[in-house]
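Biologist: Please take me through this structure, one question at a time. I should like each answer to set out its reasoning before giving the value or name.

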Amino acid sequence: MSEPSIFTRILNGEIPAEILGETDRVFAIRDIAPQAPVHLLVIPKTSEYRDVAELAAGDPSLLAEIIAFAKQLATQHTDDGDFRLVFNSGANAGQTVFHVHAHVLGGGLTEKSTGA
């Protein structure tokens, strides 16, 4: 059995983090290395899915919930409600934690955060 992800450990209270909001199936925290003025993570409480492709195939309703929650967070944490939603899939695409999660970026994106 593999070790719990950092996100599971945060959810279990083993690692301190400010949980910005949650539902029965997802929760949100701030990214510890922000790439934009607003950089939040929306994370499923289940660690069953490693990336967004596995999630989409296995539980499309959970993926829809992540997206809806991201929109709600952007409305609360940005001036205009606009946001960028990013899923990294695989180590070569920048994924470092293999527990699917969405990056919610907003608040005046920079070239670094947009890939421009």
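Biologist: Is Glu65 buried, partly exposed or exposed?

Modeller: This is a predicted model, and the values are computed from it. Buried means under 20% relative accessible area and exposed means over 50%. Glu65 has a relative accessibility of 22%, so Glu65 counts as partly exposed.

Biologist: Which residues are joined with Glu65 into one network of salt bridges?

Modeller: Arg25 forms a salt bridge with Glu65, with the closest N and O atoms 3.1 Å apart. Arg25 also forms a salt bridge with Asp59, where the closest N and O atoms are 3.2 Å apart. Through these shared partners, the residues joined with Glu65 in one network are Arg25 and Asp59.

Biologist: How many residues apart are Arg25 and Glu65, and where does each lie?

Modeller: Arg25 is in the loop between E1 and E2, while Glu65 is in helix H3. The pair therefore links distant parts of the chain, and the separation is 40 residues.

Biologist: How many residues apart are Asp59 and Arg25?

Modeller: Asp59 is located in the loop between H2 and helix H3 (60-77). Arg25 is located in the loop between E1 and strand E2 (26-30). This pair too links distant parts of the chain, at a separation of 34 residues.

Biologist: Which of these two, Asp59 or Arg25, counts as buried?

Modeller: The cut-off for buried is under 20% relative accessible area. Arg25 has a relative accessibility of 30% and counts as partly exposed. At 16%, the residue that counts as buried is Asp59.

Biologist: What parts of the chain does the salt bridge of Lys45 and Glu22 tie together, and how far apart are they in sequence?

Modeller: Side chains of opposite charge can pair when their charged atoms come close. The side chains of Lys45 and Glu22 meet at 2.7 Å, N to O. Lys45 lies in the loop between strand E3 (38-44) and helix H2 (52-58), and Glu22 lies in strand E1 (residues 21-22), so the parts tied together are 23 residues apart in sequence.

Biologist: What are the relative accessible areas of Lys45 and Glu22?

Modeller: Partly exposed residues fall between the cut-offs of 20% and 50%. Lys45 is partly exposed, at 26%. Glu22 is also partly exposed, and its relative accessible area is 47%.

Biologist: Is Tyr49 buried or exposed?

Modeller: Tyr49 has its place in the loop between E3 and H2. Beyond its neighbours within four places in sequence, Tyr49 is in contact with residues including Leu55, Asp59, Leu62 and Phe98. The relative accessible area of Tyr49 is 8%, so Tyr49 is buried.

Biologist: Which pattern do the helices and strands follow along the sequence?

Modeller: The chain has 4 helices and 5 strands. Read along the sequence, they give the pattern α-β-β-β-α-α-β-β-α.

Biologist: Why can the chain be called as compact as a globular protein of its length?

Modeller: For 116 residues, the globule rule gives 13 Å. The chain comes close to that value, so it is as compact as a globular protein of that length, with a radius of gyration of 14 Å.

Biologist: What percentage of the residues in the chain is buried?

Modeller: The C-alpha trace spans about 40 × 30 × 25 Å along its principal axes, and the chain exposes about 6600 Å². Of its 116 residues, the buried share is 39%.

Conventions. Residues are numbered from 1 along each chain as its sequence is written. This is a predicted model: local features need pLDDT of at least 70, side-chain atom pairs count only at pLDDT 80 or more; totals for chains, interfaces and linings use all residues. Side-chain values use heavy atoms; hydrogens and water are left out. Helices (H or I, at least four residues) and strands (E, at least two) are DSSP runs, numbered from the N terminus. The radius of gyration is taken over C-alpha atoms; the globule rule is 2.2 Å times the number of residues to the power 0.38. Buried means under 20% relative accessible area, exposed over 50%, partly exposed in between (1.4 Å probe, protein chains only). Accessible areas come from the Shrake-Rupley method with a 1.4 Å probe; for residues, only the protein chains shown count as cover. A salt bridge is a side-chain nitrogen of Lys or Arg within 4 Å of a carboxyl oxygen of Asp or Glu. Contact means heavy atoms within 4.5 Å.
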